[in-house]
Amino acid sequence: MAESLANDDFSESRVILDIDLAKIRANYEAIRETVEPLTTMAVLKADGYGLGAQRIAECLKDAGVTWFGVAEMHEAMSIRHLNLPIQILGGVIAEEIPDGVRNDIILPITDMKTAEEISTESIRQGKVTQCHFLIDSGMGRLGIRISEAEELIMEIMKLPNIECNGIYSHFPYAYGDYDFSTNQVRSMIQLIQDLERKGISFKYKHIANSDGIHNVPSAIQAPFNMVRTGINLYGCFDLEGRKTISLDEVITLRSRLVGIRDMPWGASIGYGRTYKLDEATRVGTVAIGYADGLPIGLSNNGYVIIHGKRCPIIGRVSMDYITVSLDEVPEAQVGDEVVCLGDGISVADWAEAKRTITYEIICSFGNRVERNYINGDGN
């Protein structure tokens, strides 16, 4: 069964992204079973990596997810109606703190100033706010530097109206630098133990992201009791590193043929005239381009699926269209479906063509791409 977020008053989009909710549920279950007894936090940053955080959050709640992670307050607000713990994993700025306190969002403490601002606002609202300490154990981006963490945490714990019941860190290179990552784990364990000796303990302790789950075994063992997974929910991985869990990609991107022409030998195709026909060719024009997320790196370098057959992309990818050879599918007609991603074309294939990471690919689908949710009934 399919469901769409398209407005019924308008025609169906030419470019449709099918998002298989049953596969998302199955991927979550596979990850959860792998890391048990640790809790699995579902990370829904950037509108669920561009696939629609609200609908995916609802699906995951039905699948048994008990904890969500986001990057910032606006994202937290969009799913707060689900009444599950929501943790901001990045940083917060002063004007976001009142909403966070008011809505019981779990806030990150990255420095003393932030801690004091959360405490002050919590007192003003007459509330106690849950917080997790973000420790910089090697990411170099946000958080309390681990060399300063013990002393600073002891001071922050004295502040009123904040309940600091969690501590976490982040891997910058879990998919490639095993020694660096395991040293991060050791330093976090040492910090946790040192604080425990001084009477400070945490209910929640986490460091493993998707890459950490696959590549750093010590990150999914005690004393850690939670993992964070985002990209893996969609069956995608970093191009490097291990893949220890079998997961299915959940998306199919499809468009339509909008034109077919028989082009003569020597004709040039597309901007820059990067492709010239060396023989008479049946050329199809497909209504999809880089504005929809199809990488320009697929110019003269990729293919689509029409009638179950591979049709090479010829010429440069433009904003709204690509051109393909239809020599393998002489029966093709205007209006036929074109599979651009899925059916044997993976997110990793696109990432390699673009010389980027899988994260960027699934976060790059344009706003005219219609998100179409399938298998949302659990069948």
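What follows is a short chat about the backbone and surface of a predicted model.

Reader: How many helices and strands does the chain have?
Author: Along its principal axes, the C-alpha trace spans about 80 × 50 × 40 Å. As for what fills that trace, the chain has 11 helices and 20 strands.

Reader: What share of the contacts between residues at least 6 apart in sequence join residues at least 24 apart?
Author: Buried residues make up 50% of the 379 residues here. For contacts between residues at least 6 apart, the share that joins residues at least 24 apart is 67%.

Reader: Which peptide bond next to P223 is cis, and where does P223 sit?
Author: P223 is in the loop between α9 (210-215) and β11 (226-229). Omega is about 10 degrees for the cis bond, and the residues it joins are A222 and P223.

Reader: And what precedes P37 in its cis peptide bond?
Author: P37 lies in the loop between α1 (21-35) and β3 (39-43). The bond leading into P37 has omega near 10 degrees, and the residue before it is E36.

Reader: Is R355, with its positive phi, buried or exposed?
Author: R355 isn't a glycine, yet its phi is near 55 degrees. You'll find R355 in the loop between α10 (347-354) and α11 (358-362). Exposed means over 50% relative accessible area. R355 has 82%, so it counts as exposed.

Reader: What about N375, how accessible is that one?
Author: N375 also has phi near 55 degrees, and it lies in the segment after β20 (370-374). Between 20% and 50% a residue is called partly exposed. N375 is therefore partly exposed, with a relative accessible area of 22%.

How values were computed:
Residues are numbered from 1 along each chain as its sequence is written. This is a predicted model: local features need pLDDT of at least 70, side-chain atom pairs count only at pLDDT 80 or more; totals for chains, interfaces and linings use all residues. Side-chain values use heavy atoms; hydrogens and water are left out. Helices (H or I, at least four residues) and strands (E, at least two) are DSSP runs, numbered from the N terminus. Buried means under 20% relative accessible area, exposed over 50%, partly exposed in between (1.4 Å probe, protein chains only). Contact means heavy atoms within 4.5 Å.
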